[in-house]
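Trainee: Hi, have you got a few minutes to go through this one with me? I'd like to ask things as they come up.
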Amino acid sequence: MKQAALKMGPPDRIASYFRLQAPTVALITCTGVLYNVGMTAGPYFEGQLAQRLLDVMQGACTWADMARLAALYVAVIGLVQGLRCIKRFGVRHFANHTARAMRRVLYNNLVREGKAAMEQEDMGAWMTKALADVDACAEGMRKFTTELFDTGVVMLAYLAMLLWYDWRLTLLACLFTPAAYAIAGWLKGRVTQSSGAYKRSGEQLNRATLDRVSNGLLYRVYGREEGRDQAYEQRLQDYEKKAVAANLWENTMEPLYHIIVMSGVVLILYWGGRNVTGQGWSQWDLAAFTTFLACFAKLAAKSSKAARLFNAVQKAQVSWQRIRPRLGAVVHNPPPPAEEAGRELVVDHLSFAYPGGSPVLRDVSFRAKPGQIVGITGPVAAGKSTLGKAFLCERPYGGSIRLGGRELAEMTPGQRCASVGYLGHRPELMSDTIGENIRLGQPGDIGPSLAAAQLDREVAAMPLGEETPVGSQGVRLSGGQQARLALARTLYQSRPLVVLDDPFSAVDRQTEGKMLAALRQWGQGRVILLISHRLDRFPQLDQVVWLADGASDAGTHAELMERQPLYRQLFLQQQQGGDLDEA
């Protein structure tokens, strides 16, 4: 899917989705043209059969001649319908893959939205509306692709046949068709308004449903349940009315189109009859009259569908305009090139504050070279986890964070995700297998990652191995297994800069030592930031960053033991078995 997305072009352009399905579109084009041109065989054979029947009744030919013509008619129609089946399959295939591609783009971009942007919008209601809009766009593209041939091409074929039989009568009878199109254009605004109102009402109903379910106990306790039920019923009634109105404007006008277009039959009956009697513009027999009349009837039917197509496409355009800003460019997380694996990290006068709050970090500075493991610690509420999250750039920060000479905040989301790996202090596991929690859909061998996280032997002992389901949020695993599984995932999704927030909190000291040794070997060419309140392993680290009062002091363990009394006190306390919670 990633390769396909790369060659599809900008995903916020309709043409990109046609380009993505180029072979299918080519198949639809070939079979669509052949099928719809072949549709002219129907009126032609109908006229020939009518003439042959008259000839049989007059003794000019036999019933055997009639049967041979009928057999040829059946064979041709069978071939045409076979082409139709292939075309319809291609159109459905195109629509399904287009909807899937749009959903994938929306997903890829949505999961990389900044937290601040997501908090400003009701993402649940937006997703409900967006998925409905995707379906509407895909359906509109399906109808457009279908009717482009089943209406456009076949209308041209019918029109060419009519002009060949009598161009004057054709032009006269087709004068009613522009009137139908004019009505369709007039209704364009009505369709847009009704469709938009229907979508907005659906969004409001979804919000009311979520509110009623989420806060049901609250309303019941305060005696407001009946009032909320009445408000919900009003939303439901409004939604039903808007749905009826939208369907009314979209569908009920087709009979009117058909009546207007078919008014030309009156002229055909009059002037066509004159052609048969030799008093008109052309010399016709019964076959020509029947063929012309049948061909015009089919052309009129297609004209009414063309008017309906305008409404369907307009409805899809409304949905497209809503989701287009969310599509943008597809964001991928390719692994960093080998020559970029080793990049120095420079943090210079970093500051950070949550919206509406006082600064958590005021002046944090340090640097780390590839291959180094840097410990980050400090008193309670010193901003250790906040510093780790600052590297994700979910919120604006002050100062500078440069990796390999590039500012993190200036990178694209894809570049940043390919550069920074992050493990929070709470393992976030999917309700899937151990293997899928590590791979996240990417193929590869997870053995080395499991070994580095000291989880390989325990997984091997499980009956299903790496296919073992972990349950909701990893409930089937112990706390230590959950932490090590999350660490294995971080190691598998290799990045030049890796931030580990308290990865050893749920493991014993012996396992912690093995994991640190594995990190040392794995981290060659990478910068590892190890956030922890357990300091007994810090002497083994290349550098320690001490956070206090929003500022930092960076140096080796020995240097901080000399110039940071509180750091020295915490370290000695833990060495003597003191209360770790104080750290």
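Mentor: Sure, let's begin with one residue: Arg 326 is buried, with a relative accessible area of 18%. Keep in mind that this is a predicted model.

Trainee: Okay, where is Arg 326, in terms of secondary structure?
Mentor: Arg 326 is part of helix α14, which covers residues 286–327.

Trainee: And how far apart are Arg 326 and Ala 130?
Mentor: In sequence, 196 residues separate Arg 326 and Ala 130. In space, their C-alpha atoms are 9.2 Å apart.

Trainee: Zooming out, how many helices and strands does the protein chain have?
Mentor: The protein chain has 23 helices and ten strands.

Trainee: What share of the residues counts as buried?
Mentor: 45% of the 583 residues of the protein chain count as buried. As for the outside, the accessible surface is about 28800 Å², and 57% of that surface belongs to carbon and sulfur atoms.

Trainee: What about contacts between residues 24 or more positions apart?
Mentor: They make up 75% of the contacts in the protein chain that have a separation of 6 or more.

Trainee: Before I read too much into details, what is the mean pLDDT?
Mentor: The mean pLDDT of the protein chain is 81, and 86% of the residues reach 70 or more. Among the elements, strand β3 (residues 373–377) has the highest mean, 93, while helix α1 (residues 2–7) has the lowest, 43.

Trainee: Which residues have pLDDT under 50?
Mentor: One stretch is residues 330–341, where pLDDT stays under 50; the model has 27 contacts beyond four places in sequence for that stretch. Another is residues 578–583, also below 50, with 16 contacts in the model beyond near neighbours in sequence.

Trainee: Changing topic to cysteines: how many disulfides are there?
Mentor: The count comes to zero disulfides.

Trainee: Why is there no bond between Cys 295 and Cys 174?
Mentor: The closest cysteine sulfur to that of Cys 295 is in Cys 174, and at 9.4 Å it is too far for a bond. A disulfide would need the two sulfur atoms within 2.5 Å.

Trainee: Is Cys 295 buried or exposed?
Mentor: Cys 295 is buried, with a relative accessible area of 0%. Cys 30, on the other hand, counts as partly exposed, at 48% relative accessibility.

Trainee: And where does Cys 61 sit?
Mentor: Cys 61 is in the loop between α4 and α5 (63–110). Cys 61 counts as buried, at 17% relative accessibility. Leaving out residues up to four places away in sequence, Cys 61 touches Arg 52, Asp 55 and Val 56.

Trainee: Which residues of α4 are buried?
Mentor: Among them are Phe 45, Leu 49, Gln 51, Asp 55 and Val 56. The helix has 18 residues and reaches 25 Å from its first C-alpha to its last, close to the 26 Å expected at 1.5 Å a residue. Just after α4, Gly 59 takes a positive phi of about 80°.

Trainee: How about α3, which of its residues are buried?
Mentor: The buried residues of α3 are Thr 24, Ile 28, Thr 31, Gly 32, Tyr 35, Asn 36 and Gly 38. Looking down the axis of α3, these residues fall within an arc of 140°, so they line one face of the helix. On the other side of α3, Pro 23 and Leu 34 are exposed.

Trainee: What comes in the loop between α3 and α4?
Mentor: Thr 40 is found there. Thr 40 is buried, with a relative accessible area of 14%, and touches Ala 157, Tyr 158 and Met 161, not counting residues up to four places away in sequence.

Trainee: Last topic: which residue other than glycine has a positive phi?
Mentor: Asp 502 is one of them, with phi near 55°. Asp 502 lies in the loop between β7 (497–501) and α21 (509–522). Ala 381 also has a positive phi, about 65°, although it is not a glycine. Ala 381 is in the loop between β3 and α15 (384–390).

Trainee: Are those two buried or exposed?
Mentor: Ala 381 is exposed, with a relative accessible area of 75%, whereas Asp 502 is buried, at 15%.

Terms used: Residues are numbered from 1 along each chain as its sequence is written. This is a predicted model: local features need pLDDT of at least 70, side-chain atom pairs count only at pLDDT 80 or more; totals for chains, interfaces and linings use all residues. Side-chain values use heavy atoms; hydrogens and water are left out. Helices (H or I, at least four residues) and strands (E, at least two) are DSSP runs, numbered from the N terminus. Buried means under 20% relative accessible area, exposed over 50%, partly exposed in between (1.4 Å probe, protein chains only). Contact means heavy atoms within 4.5 Å. Accessible areas come from the Shrake-Rupley method with a 1.4 Å probe; for residues, only the protein chains shown count as cover. The arc is that of the directions from the helix axis to the C-beta atoms. The expected span of a helix is 1.5 Å times one less than its number of residues. pLDDT is the predictor's confidence in each residue, from 0 to 100.
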